[in-house]
Amino acid sequence: MKFAWVRPKGTWNDRKEAIVDALETGFDHIVDEDNADTIKQLGNVKIISSDDNADIKLLGLDKKVSVVDVKKEQAKDKEVAAYVEINNKEDEQLVSKLGEVADYVILKGKNWKVIPLENIIASLQDRTSKIMVDVEDYDEAKLALETMEHGSDGVLLSSNEGKQIRKLGELIERTSKEVYDLKAATVTKVEPVGIGDRVCVDTCSMMNVGDGMLVGSYASGLFLVHSETLESEYVASRPFRVNAGPVHAYVMTPEDKTRYLSEIEAGDEVLTVNSKGEATTTIVGRVKIEKRPLMLVEAEYDGVKIRTLLQNAETIRLVNEKEDPVSISDLKVGDKVLAYFTEGARHFGMAIEEQIIEK
């Protein structure tokens, strides 16, 4: 997931306005050396600075940082961000070393744009640190985040301009989207199975037609269960809600992880996914678990069968191969619905390479 920190400049009055813009945009990491306590009165944020009480210790602003310096601070149970100005090949080599130990490595280039960054990213494929680039505006941020196939993990925006901060927020939202390769699976069974505990997930975001969540009984495949964005003659639309399925079912969460629906609660993060497979991280506002009649849906793609259970009601919908919502009350054998298929298994919600039989 791409991310950004903000480092305002100038007087406190100049910086305060920029910090408010950052908080309202959704950024919660601020680089500031002087006003940690005051900034924290504005919102729940993490402060990055050279101060020993900082949430993340920043090294390298006043003198060149070393691997020894980083390890010394980490021994104090501190997250460490190492700041490196890139002026020559020696600096690039230092970054490669720091990338194996520091939590974050922030790069600043005086006389370069793309090529050294490409070299650094290529040399750190197996790094443990997050690579960031110190940028002054939106255009530099976009370049850093999109360089090569991966780009930097994040950027440090050194600016007071609210417009630049808000544009960067929009860019982070776009570049942070995960994309799931949805397949048109053929429905092989639709039948009522009786009463069970069903989970409704109410989010803090409004969804559109085509949006839903990836839900299913098997780790090998999850159905795109549509949100309640459509009205019917019986109920009004609830565009913040997905009537997701029974308590045992998996739901997709950020970073390609799953959780059981029974575990989800207010404040958690889940993924909402559109019919193109584009995912957005969404905050859960409430979960409702109620006993409801359930319907079993089975589908198959390329020889792999998956199942899920959904509330037996006409307002519950999947998404067909034309990207249109289809009520399970109208669903029949032979129809095609969108689903996400994976190989392997899940261990505590994480994908693992292991053979598993699900039925």
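**Figure 1. Contacts across the whole chain.** Among contacts in the chain with a separation of 6 or more, 60% join residues that sit 24 or more positions apart. The model here is a predicted one. Its chain carries 7 helices and 23 strands. Of the 359 residues, 49% are buried. As for the outside, the accessible surface adds up to about 17,800 Å², and carbon and sulfur atoms own 45% of that.

**Figure 2. Helix 6 alongside helix 7.** Here we zoom in on residues 138-146 (helix 6) and residues 162-175 (helix 7), whose axes come within 9 Å and cross at roughly 20°. Since angles under 35 degrees count as roughly parallel, that makes helix 6 roughly parallel to helix 7. The crossing of the pair is right-handed. On the helix 6 side, look for Y138, A141, K142, L145 and E146. Helix 7 answers with Q164, K167, L168, L171, I172, R174 and T175. Sorted by class, the contact of helix 6 with helix 7 has 6 nonpolar, 2 polar and 4 charged residues.

**Figure 3. Helix 1 alongside helix 7.** Now for helix 1, residues 12-25: the axes of helix 1 and helix 7 come within 9 Å, crossing at roughly 20°. Helix 1 and helix 7 are therefore roughly parallel to each other. This crossing is right-handed. Helix 1 puts A18, D21, A22 and T25 into the contact, while helix 7 brings G162, I165, R166 and G169. The class tally for helix 1 with helix 7 is 3 nonpolar, 3 polar and 2 charged.

**Figure 4. V31 and its surroundings.** Centre this one on V31, which belongs to strand 2 (residues 29-31). Is V31 buried or exposed? Its relative accessibility is 4%, so V31 counts as buried, the cut-off for that label being under 20%. Skip the neighbours within four places in sequence, and V31 is in contact with W5, V6, R7, P8, I48, L58 and L156. If you want a distance to check, try V31 to I56: these two are 25 residues apart along the chain, and their C-alpha atoms are separated by 9.3 Å.

**Figure 5. S327 in strand 20.** Strand 20 spans residues 325-327, and S327 is part of that strand. With 6% relative accessibility, S327 counts as buried. Which residues touch S327 once the neighbours within four places in sequence are left aside? They are A313, E314, I316 and R317.

**Figure 6. Positive phi at D256.** Check the backbone here: phi of D256 is near 60°, a positive value in a residue other than glycine. D256 lies in the loop that links strand 14 (250-253) and strand 15 (257-260). Its relative accessibility is 26%, so D256 counts as partly exposed; that label covers the range between under 20% and over 50%.

**Figure 7. Positive phi at D302.** Here's another residue other than glycine with a positive phi: D302, near 50°. Where does D302 sit? Its place is the loop between strand 17 (278-301) and strand 18 (304-311). At 71% relative accessibility, D302 counts as exposed.

Technical notes:
Residues are numbered from 1 along each chain as its sequence is written. This is a predicted model: local features need pLDDT of at least 70, side-chain atom pairs count only at pLDDT 80 or more; totals for chains, interfaces and linings use all residues. Side-chain values use heavy atoms; hydrogens and water are left out. Helices (H or I, at least four residues) and strands (E, at least two) are DSSP runs, numbered from the N terminus. Buried means under 20% relative accessible area, exposed over 50%, partly exposed in between (1.4 Å probe, protein chains only). Contact means heavy atoms within 4.5 Å. Accessible areas come from the Shrake-Rupley method with a 1.4 Å probe; for residues, only the protein chains shown count as cover. Axes are lines fitted to C-alpha atoms, for helices over the stretch in contact, and angles run from 0 to 180 degrees between N-to-C directions. Angles under 35 degrees count as roughly parallel, over 145 as roughly antiparallel, 65 to 115 as roughly perpendicular and the rest as oblique. A crossing is left-handed if the near helix is turned anticlockwise from the far one by less than a right angle, and right-handed if clockwise. Ala, Val, Leu, Ile, Met, Phe, Trp, Tyr, Cys and Pro count as nonpolar, Asp, Glu, Lys and Arg as charged, and the others, Gly among them, as polar.
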